[in-house]
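Me: Hi! I'm new to this one and would like a friendly walk through it. Could you show it to me?

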Amino acid sequence: MLNIKNLQVKLEEEDKQILKGVDLSVKAGTVHAIMGPNGSGKSTLSYVLSGREGYEVTGGSATLDGVDLLEMEPEERAAAGLFLAFQYPVEIPGVGNMTFLRTAVNAQRKARGEEEMSAAEFLKVVRAKAKELQIDAEMLKRPVNVGFSGGEKKRNEILQMAMLEPKMCILDETDSGLDVDAMKLVADGVNKLRSEGRGFLVITHYQRLLDHIKPDVVHIMADGRIVKSGGPQLALEVENNGYADILNEVA
Ligand code: ADP
Ligand code: MG
Ligand code: MG
């Protein structure tokens, strides 16, 4: 499904190489976790895949179901089935959360040549999914993320993901800043979306999220590369011993 080969990325503004050859392949139906020290390039990878500006791809490739992602506009990548839950969700004053979600859902349907969701159907679906994530109906009416708590913003990211039903979901530290209960809600939201045809890339600092979202593969990223991959026990190793041992081992 998601196939990244020797991906190299630098900042557009500065001569600074951030990704130095990332290789990663996520099959449909699997959950991959990426852990790694701060500044290793985890967010950069998710930004580059989703099409954020400011980065220049200097080598390598990234495809989703064989289609070159790097040549597409961000909205085309979304229509192709890619979703990124932000590490720092943005507030959008003046745009109602419900309007935002409905516009996104219908834009994606249109791009795929599907019929729009009717207002009544949308309302039914969004209310049900919001309830599962314990998102208050009142929050659906407020401007996107404005005045939301950290936990509410992260749950709102998962609501967007649930509404858009992407093929490939990337979660960038969606668990950071959440208390245990909110983290469990996020994990439950992800687990409900797990399916044969869908892949996940879960970027996290914490093993405890991975207790709830059981990953198939865990990768360690350091200095712009994936330096080690393994099973869920790799996350436990990191939790217990930090990154130093692994980094020494691969050095
Ligand atoms: P991580 O998510 O693993 O903590 P990031 O991808 O956020 O790492 O950052 C990787 C490196 O690239 C860091 O050294 C960071 O400071 C740098 N970096 C990323 N984006 C920018 C930017 N827009 N301007 C300057 N430095 C950046
Ligand atoms: Mg970071
Ligand atoms: Mg980051």
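Reply: Happy to; we can go through the ligand, the pocket and a few single residues.

Me: What kind of model is this, and how are residues numbered?

Reply: This is a predicted model, where local features need pLDDT of at least 70, side-chain atom pairs count only at pLDDT 80 or more, and totals for chains, interfaces and linings use all residues. Residues are numbered from 1 along each chain as its sequence is written, chains are lettered from A and ligands numbered from 1 in the order in which they are written, and side-chain values use heavy atoms, with hydrogens and water left out.

Me: Great. Which residues are closest to ligand 1?

Reply: Gly39, Gly41, Lys42, Ser43 and Thr44 are the closest of the 13 residues that surround ligand 1 (a residue is near a molecule if one of its heavy atoms lies within 4 Å of it).

Me: Which polar atoms of Lys42 and Gly39 lie by an oxygen atom of ligand 1?

Reply: For Lys42, a polar side-chain atom lies 2.7 Å from an oxygen atom of ligand 1. For Gly39, a backbone N or O atom lies 2.8 Å from an oxygen atom of the ligand. On the nitrogen side, an N or O atom in the side chain of Tyr55 is 3.4 Å from a nitrogen atom of ligand 1. A polar contact here is a pair of N or O atoms within 3.5 Å; within protein, one must be able to donate a hydrogen and the other to accept it, and residues adjacent in sequence count only if both atoms are side-chain atoms.

Me: How much of ligand 1 does the protein cover?

Reply: The protein covers 64% of the 560 Å² of accessible area that ligand 1 has on its own (areas come from the Shrake-Rupley method with a 1.4 Å probe).

Me: Which element gives the largest share of that shell?

Reply: Helix 1 does, with 3 residues. Helices (H or I, at least four residues) and strands (E, at least two) are DSSP runs, numbered from the N terminus.

Me: Switching topic: how much space is in the largest pocket?

Reply: About 810 Å³. Its lining has 28 residues, and those closest to the centre are Pro74, Ala78, Phe83, Leu84 and Phe86. On a 1 Å grid over the protein atoms alone, a pocket is an open set of points where a 1.4 Å probe fits, with protein on both sides within 12 Å along at least five of seven lines; lining residues have an atom within 4 Å of a point. The volume is the space filled by probe spheres set on the points, which are joined across faces, edges and corners.

Me: And Asn106, is it buried or exposed?

Reply: Asn106 is buried, because its relative accessibility is 7% (buried means under 20%, exposed over 50%, partly exposed in between, with a 1.4 Å probe and protein chains only). Asn106 sits in helix 3, and a polar atom of its side chain lies 2.8 Å from the backbone nitrogen of Met117.

Me: What about Gly59, where is it found?

Reply: Gly59 is in strand 4, residues 55-64. Gly59 is buried too, at 18% relative accessible area.

Me: Last one: what is phi of Asp65?

Reply: Phi of Asp65 is near 50°, a positive value in a residue other than glycine. Asp65 is in the loop between strand 4 and strand 5 (67-68), and counts as partly exposed at 41% relative accessibility.
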